[in-house]
Amino acid sequence: MDQKEIYELLAEKLGPAALGFNDEGVEAYADVEPGSIAAACTFLRDDERLQFNQLMCLSGIDWDGYDENGKGKSVKILGYTDEGQPETSDHVSEGDFGVAYSLYSHSRRHKFTLRVRTPRATASVPTVSGVWTTAAWHEREAWDLLGIRFTGHRDLRRILLEEHWVGHPLRKDYQMPGTWDNVPLHGQPYCENPFPPIEVTPDQPAGDDPAEG
Amino acid sequence: MAIENIKTKGGWADQDHVPGIKSELLELNMGPQHPATHGVLRLVLHTDGEIVFKVTPVLGYLHRCAEKIAEGVNYKQWVVYSDRFDYLAPMCCNHAYVTALEKVMQQEVPERAEHLRIVTAELSRIASHLIALATFGLDMGAWTPLLYCFREREVILDLLERISGGRMLYNYMVPGGVRYDMPKDNWAADVLEFITMLENKKIADYNNLLSYNKIFVERLGNVAVIDPQTAYDYGCTGPVLRGAGVKFDCRKDDPYSLYHKFDFEIPVGQGEMGAVGDCWDRYFVRVCEIEQSCRIIRQALESLPDGPVQAIDLTKIVKAPAGAAYSRVESAKGELGHYIIADGGQVAFRNKVRSPSFCNLHVVEKIGVGQMVSDLVALIGSLDIVLGEIDR
């Protein structure tokens, strides 16, 4: 089925919670209200005409500093300085978080992309792990790396990082840690160099070796 | 449901009725250093004796946050990180990334480059499946097939070294083509000779040694059956989905590159040694896929057109116009997808990787329950996970 037709069916079901459809880019997508994402997904899965039985991908996105004009001027992520110290920035992050759901139907052979946006302050979206179980791990990953809370998720723990890790690394304002468990993480030597650098004295004239006499 | 499952096998629920004997669940760590977990994966098992009551996979031992690196290096520099995902089939990972990037860039690729990509990706797939057979045999206690499979894999590594310069990690594909053209020293003839040997002799060897081995079959038939509904629900793809009897392959059903030009079959699980979707089916789908990959390689090499192999000058920096797209390919383990968001610059704004092993592993939380610990080893072996891809 055509992307536009799928969106029309969805908009009919959701009413004002369907925020719009965009097919200008390489891939069309529909924006929906975050509160109704679970209802939208259940409809897309169960409707006889749509039958989206596979969630291909669930991507958490930090939209902070995204260059709307498409000039590649998005905010730079923070790394380490040449001295091995974490970089800092004055930039105050305000952008929304987003989640993109890429769906596929094995029986109908069509795809669809849904997107939601949630303000940075709340950063929470209802879970869809009740619709497709595979979402449970994808959502844990989005929580771990971006700090998006999925309400109603049964087991929202970190999945890739340590339980006691501080911060969410894929956020655009994430500042790299200097040390972890007292181990320096970047650029700093673990021990003193046992071989001191060889000093060359430039003023010794060539060929004037005292051993040659 | 889990408890009923265990009851039928005479597990802890029954033992509680024996007067004077109290039983309790044992918490057991399988891994992170365990030969059957195929890498640094930890499974926290709750078992009653030999029967698994609950499985909780613990991931992240190999996490490198490649998605964060993708936001810091430019598009071409990141190809080398995609190699490190599935290090047993790096060409497929290269292919997945450049396909996704070219979709966002709306970049055409020369036909010769596409043919070379398909040949190398299929060779990589064969190498990965050979490892899958070898290590699966090893998990089940069969030592010898490992040596046979590694012998053939070595030939593939040599062939790929000749075309790309790398033995294990190739960094071969670039946006808009491939890095090098085919070497002039009879490379195509050597590939054809190798796949002919594989088709005519070696696959029969594997079948005689392993596939139809009575011990192997009795160990795997009817074990850890995954039904299609569970596979869809948990996002299983690749041989795991096809082993469940679903005829789905991105190369046929969602064609990318030039796969629509080639003639090949999609092997699915038949339930030959038990139920459809058991461990043996998942194993045997891989053996059949080796044959199909050989067919694709032969057709791709025989119809190899002349022409350039790069659409973009290698020295130029690549930029992608603003936009977002999800693109997927059939990697050796299943559906490998990238969701790339571009902002018009030379660095990705977001690059989310959907790796097949990550989703395939999730299913052990359901299928592992009620199995014997030894059958859990069979289940994990039959899923053919690779931890570089799960932890990314």
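This is a walk through a predicted two-chain model, one selection at a time.

**Stop 1: two helices in chain A**

Start in chain A and select residues 3–14, helix H1, together with residues 37–46, helix H2. Their axes come within 10 Å and cross at roughly 130 degrees. That angle makes H1(A) oblique to H2(A), and the crossing is right-handed. Now turn on side chains. From H1(A), show A:Leu10, A:Lys13 and A:Leu14; they meet A:Ala40, A:Phe43 and A:Leu44 of H2(A). If you colour this contact by residue class, you get five nonpolar residues, one charged and no polar.

**Stop 2: strands of chain A**

Stay in chain A and pick strand E5, residues 111–118, along with strand E2, residues 29–32. E2(A) and E5(A) run parallel and are joined by two bridges. To find the pairing on screen, click A:Ala30: its bridge partner in E5(A) is A:Leu114.

Next, add strand E4(A). E4(A) and E5(A) run antiparallel, with eight bridges between them. One of the places to look is A:Ala100, whose bridge partner in E5(A) is A:Arg115. Then follow the chain around the hairpin of E4(A) and E5(A), where six residues sit between the strands. Stop at A:Arg109 in this hairpin, because you may want its backbone torsions on display: phi is positive there, near 60 degrees.

**Stop 3: where chain A touches chain B**

Which chain gives 32 residues to the contact, and which gives 41? Chain A supplies the 32 and chain B the 41. On the chain A side, select strand E3 (54–62) and strand E4 (97–104), the elements that give two or more residues each. E3(A) has the largest share, with six residues. By class, this side of chain A breaks down into 15 nonpolar, 13 polar and four charged residues.

**Stop 4: the first sheet in chain B**

Move over to chain B and select strands E1, E2 and E3. They form an open antiparallel sheet in the order E1-E2-E3. E1 (26–30) and E3 (51–58) of chain B each have a single partner strand, so one side of each has no neighbour in the sheet. From one strand to the next, the twist averages 25 degrees.

Zoom in on E2(B), residues 42–48, which is joined to E3(B) by seven bridges. A handy pair to label is B:Leu45 and its bridge partner in E3(B), B:Val55.

**Stop 5: two domains of chain B**

Colour chain B by domain: domain 1 is 2–58, and domain 2 is 66–337 + 346–369 + 378–391. Their centres, taken over C-alpha atoms, are 33 Å apart. Across the boundary, 13 residues of domain 1 of chain B are in contact with 12 residues of domain 2 of chain B. On the domain 1 side, helix H1 (2–8) and E3 of chain B each supply at least two residues. E3(B), already on your screen from the previous stop, makes the largest contribution to that side, five residues. The class count for the domain 1 side is eight nonpolar, four polar and one charged.

**Stop 6: the second sheet, with a helix across it**

Still in chain B, select strands E6, E7 and E8. Here is another open antiparallel sheet, in the order E6-E7-E8. Its edges are E6 (323–330) and E8 (350–354) of chain B, each with a single partner strand, so one side of each is left without a sheet neighbour. The twist averages 10 degrees from one strand to the next. E6(B) pairs with E7(B), residues 335–342, over eight antiparallel bridges; to locate the pairing, find B:Gly323 opposite B:Ala342 in E7(B).

Now add residues 90–105, helix H5 of chain B. H5(B) lies across E6 and E7 of chain B and runs at about 150 degrees to E6(B).

**Stop 7: a helix pair to finish**

Last selection: residues 111–139 and 373–383 of chain B, helices H6 and H16. Their axes are 9 Å apart, at an angle of about 175 degrees. H6(B) and H16(B) are therefore roughly antiparallel. Show B:Thr135, B:Phe136 and B:Asp139 from H6(B) against B:Val377, B:Ala378, B:Gly381 and B:Ser382 from H16(B), the residues that make the contact. By class, the contact has three nonpolar, three polar and one charged residues.

Terms used:
Residues numbered from 1 in each chain as written. Chains lettered and ligands numbered in written order. Predicted model: local features only at pLDDT ≥ 70, side-chain atom pairs only at ≥ 80, totals over all residues. Pairing = 2+ DSSP bridges. Helix = DSSP H or I, 4+ residues; strand = E, 2+ residues; numbered from the N terminus. Axes fitted to C-alpha atoms, helices over the stretch in contact; angles between N-to-C directions. Parallel < 35°, antiparallel > 145°, perpendicular 65-115°, else oblique. Left-handed = near helix turned anticlockwise from the far one by under 90°. Contact = placed C-beta atoms within 7 Å. Nonpolar A, V, L, I, M, F, W, Y, C, P; charged D, E, K, R; others polar. Domains from an automatic or database assignment.
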